[in-house]
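Subject: Structure handover

Dear colleague,

I am passing on a structure for you to look through, and below it you will find a description of what was found in it. Please keep the two open side by side as you read.

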Amino acid sequence: MTVVSLVLSSCGNGSSSKKGALSSSVAEKVYVAPGEHDEFYAFVSGGFSGQLAVYGLPSGRLFKVIPVFSVDAEKAYGFNEETKPMLNTSHGFIPWDDSHHPDISQTNGELDGRYVFINGNNTPRIAKIDLTTFETTEIIEIPNSAGNHSSSFVTENTEYVVAGTRFSIPFPQRDMPIDEYKGNFKGALTFISVDPKDGAMDIKFQIMMPGFNYDLSHPGRGKSHGWFFFTTYNTEEANSLLEVNASQNDKDFIAAINWKKIEEYVNNGGGKKVPSRYAHNVYSDETHSATSTIKKEVLIVNPSDVPGAVYFLPTPKSPHGCDVDPTGEYIVGNGKLSADLTIHSFSKMIKAIEDKKFTGEAYGIPILDFDAVHAGTVKQSGLGPLHTEFDGKGNAYTTFFISSEVVKWKIGTWEVIDRKPTYYSVGHLMIPGGNSRKPYGKYVLAMNKITKDRYLPTGPEVTQSAQLYDITGDKMELLLDFPTIGEPHYAAGIPADIVAKNSKKIYKLEESKHEFVTKSEADSKVVRDGNEVHIYMTMIRSHFAPDNIEGIQVGDKVYFHVTNLEQDYDVPHGISMIGAQTSELLIMPGQTETFVWYPKQVGVWPFYCTDFCSALHQEMQGYVRVSPK
Ligand code: CUK
Ligand code: CUA
């Protein structure tokens, strides 16, 4: 029984909102008692923070911010010598990006909890986070692409993680007039293979599509496994997207890509290797350090060279989200300038291809007849539909940015069942597994663009916000608001036990292959090599070895190679050096990390442990004596 007294404001921005007075039964649903664990992990993208935040659901508690595309002084990510190579690109070291869409790896269409992938939008990259350590372990740059937005969604056995391009750009990149866009700019859709054993990523091929904007994408699953769907806008190929230019066409397209066919074509020697520079950065667990390689070519596929591999499905009005239901039959196009949702049928699409129900072509790619592929329309469902998720019980949930609500509707009958306001202007939403064949349809998380009056003011900007709804009943029930970091574009949720049981507790010291590991205090030392000094240091509760260091001179380049000798769960130590131009290091049990210090002034300079590690933490310190040259 749910008796809820929700006094909600009318939907929309700027309403003077009377706050919801939640009954105790609602509070109980999100209450996780001290010492108890949450039921789900939610990996929430940090948007312009470039990171990925880990929350528990239903509590909304923040557990960790995983640094991905941005440096993070707290964890020395991008500051220590081990992780710096992770942020290398063909444009050099880039300490920031805009992260949008996390997606969890799958096996047989179900979440397997091994990895989270996430896209960097600005300098196109895909990152992989290993969920045994919750660390970014691989970043691959996407060449010939710009605005890596329709990414990083995975196929149902994680054969590929796929990246689209929001901008089309000259291909090959060159100096040319912008108003010669049409016909000269191209949109690359990139298929990155994921090694089934070790998860290693590699760009298998890029499909060079017409110069539209490729906004979002989703893999086929179940019956449509082997296909991938991308929404497009600006099929006018305007070089300026002021509304007059780009929204003339009543319908844009969903591009349907038969990637199995293209894979076969490529495996048989199809495609053309084209010079293209991109970085591939890998963090190795064994050595606790990353390497960065610049690769020099990719395999390009021209879609008109592979008949039967690419089709366009007309879809009204500048579709944003492109969402495939758990059965793989329905492809939902969320036309952001429309009040309706358009749903296509995969089986009708296959039939229409067989029957050659084409109404034309674009750059040699057949355009399917709308009526021949259209399954249904959810009518007048709201304003500005963006994204849809599924509960696995035959219902879909769509966000409406302009009318600021989540709308629940029935697959097959296309009727609206329920709607609830969001506070405010919701972008994405997430049901754990809602992106797979097996959703866990207990909660939906709405991620909002505007917060206004929902929290205490913190200057001109209020925190971004997520809202949790219970979706186990016929009607959705708002349970919780909680703040998020950066801008939460999308999230990936998973039952906590799938991930927690594989979580790593320590790094085994004896297995470390770090170049500068010091496996016992007795091996700690200071080695001079010209004006470079290497300090091989250890840390254990609660002292450093060596702790007093002499013989350093102004103008030296001093490397601190610091190993945490602890072999107990949850005992990191930190180290920071006065005046060091990097951040501190926060070193996990069994790990070695390195930072560089350039002593500039004569004196005796202290360093200390930054993480309160024992009753003697405040004693964990040392000095470096710096003498004149
Ligand atoms: S986008 Cu943010 S509301 Cu980057 Cu997924 Cu649609
Ligand atoms: Cu080690 Cu505090």
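A good place to begin is the hairpin that strand 18 and strand 19 form with four residues between them, where H288 in the turn has a positive phi of about 50°. Strands here are DSSP runs (E, at least two residues) and helices are likewise DSSP runs (H or I, at least four residues), both numbered from the N terminus, and two strands count as paired if DSSP finds at least two bridges between them. Strand 18 (residues 272–284) runs antiparallel to strand 19, and 11 bridges join them; within this pairing, Y278 stands opposite K295 in strand 19. Strand 19 (residues 289–301) also pairs with strand 14 (residues 201–209), here in the parallel sense over two bridges, with I300 in strand 19 as the bridge partner of Q206.

Before going further, please note that this is a predicted model, in which local features need pLDDT of at least 70, side-chain atom pairs count only at pLDDT 80 or more, and totals for chains, interfaces and linings use all residues. Residues are numbered from 1 along each chain as its sequence is written, while chains are lettered from A and ligands numbered from 1 in the order in which they are written.

The pLDDT, which is the predictor's confidence in each residue from 0 to 100, averages 94 over the protein chain, and 96% of the residues score at least 70. For the complex, the predictor gives an ipTM of 0.95 and a pTM of 0.95. Over residues 1–18, however, pLDDT stays under 50, and the model has 35 contacts beyond four places in sequence for them (a contact means that the C-beta atoms of two residues, placed from the backbone, lie within 7 Å). Where pLDDT is low, the predicted coordinates should not be read in detail.

The protein chain is divided into domain 1 (1–66 + 379–504), domain 2 (70–338 + 341–363) and domain 3 (509–627), with bounds that come from an automatic or database domain assignment. Between domain 2 and domain 3 the C-alpha centres lie 42 Å apart, and 12 residues of domain 2 are in contact with 16 residues of domain 3.

Where does ligand 1 lie? Domain 1 and domain 2 both give residues to the shell around ligand 1, so it lies between them. The residues that surround ligand 1 are H100, H101, H149, H320, L386, H387, G427, H428, H489 and Y490, each counted as near if its C-beta atom, placed from the backbone, lies within 6 Å of the ligand. Strand 27 (385–390) and strand 31 (426–430) each supply at least two residues of this shell.

Two open sheets are also worth following in the model. Four strands form one of them in the order 21-22-23-26, with antiparallel pairing, and its edge strands, each pairing on one side only, are strand 21 (319–324) and strand 26 (374–378). Strand 23 (residues 341–345) is joined to strand 26 by four bridges, and T377 in strand 26 is the bridge partner of T342.

In the other, five strands follow the order 39-45-44-41-42 with mixed pairing, and the edge strands are strand 39 (548–553) and strand 42 (585–587). Here strand 41 (residues 573–577) and strand 44 (residues 603–608) run antiparallel and are joined by two bridges, the bridge partner of M577 being F607 in strand 44.

With best wishes
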